[in-house]
Amino acid sequence: MSETAIRDDRAAGRLEAYAGDEVVGHIEYFVLESPARALVPVHTIVEPAHEGKGIAGSLARELYAMSAREGVPVAPLCPYVVKWAARHPEEAPAADPELLSAATAWLTAHPGRF
């Protein structure tokens, strides 16, 4: 996947994978502010023509790297990111149950967001 670049569009809540100028996959997320700041991935999507190339894993890895750089935990609600984190505990610290609960409540209160 060396030709794929990953960019964070924080304003849109999307971590995007690009092959050239084309978005080939993304993680949709939001930033939880309370009870503490956290990155909350909700969906991971890879375009069908690009599946099986490691794009989703690269996006998840970058999300956790971004979290480490910012000193902000990840509270994953996206099933793919949850599974990826379980397979990579050295890169993906376990999520705080309180943050997961707050993230779920936020998502329930904003049904049209995702």
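These questions and answers walk through a predicted model.

Q: Which residues does the UniProt annotation "domain: N-acetyltransferase" cover?
A: The annotation comes from an unreviewed UniProt entry. The span it marks is 28% helix and 32% strand. Its end C-alpha atoms lie 26 Å apart. The annotation covers residues 7-96.

Q: Which strands are the edge strands of the open sheet?
A: The sheet has four strands in the order β1-β2-β3-β4, with antiparallel pairing. An edge strand here pairs on one side only. That picks out β1 (4-9) and β4 (38-46).

Q: How many bridges join strand β2 to strand β3?
A: Strand β2 holds residues 14-19 and strand β3 holds residues 22-32. The two run antiparallel. Leucine 15 stands opposite isoleucine 27 in β3. The number of bridges joining β2 to β3 is six.

Q: What angle does the direction of helix α3 make with that of β3?
A: Helix α3 spans residues 97-109 and packs on the sheet. There it touches β3 and β4. Its direction makes an angle with that of β3 of about 105°.

Q: How far apart are the end C-alpha atoms of helix α1?
A: Helix α1 has 16 residues, 55-70. At 1.5 Å a residue, α1 should span 22 Å. The model agrees, because the end C-alpha atoms of α1 are apart by 22 Å.

Q: What covers the buried residues of α1?
A: Buried means under 20% relative accessible area. The buried residues of α1 include Ile55, Leu59, Leu63 and Met66. Their cover includes β1, β2, β3, β4 and α2 (79-87).

Q: Which residue just after α1 takes a positive phi?
A: Helix α1 covers residues 55-70. Just after α1, a phi of about 70° appears. The residue is glycine 71.

Conventions. Residues are numbered from 1 along each chain as its sequence is written. This is a predicted model: local features need pLDDT of at least 70, side-chain atom pairs count only at pLDDT 80 or more; totals for chains, interfaces and linings use all residues. Side-chain values use heavy atoms; hydrogens and water are left out. UniProt positions are given in the numbering used here, feature names are shortened, and annotations may be inferred rather than shown by experiment. Two strands pair if DSSP finds at least two bridges between them. Contact means heavy atoms within 4.5 Å. Axes are lines fitted to C-alpha atoms, for helices over the stretch in contact, and angles run from 0 to 180 degrees between N-to-C directions. The expected span of a helix is 1.5 Å times one less than its number of residues. Buried means under 20% relative accessible area, exposed over 50%, partly exposed in between (1.4 Å probe, protein chains only).
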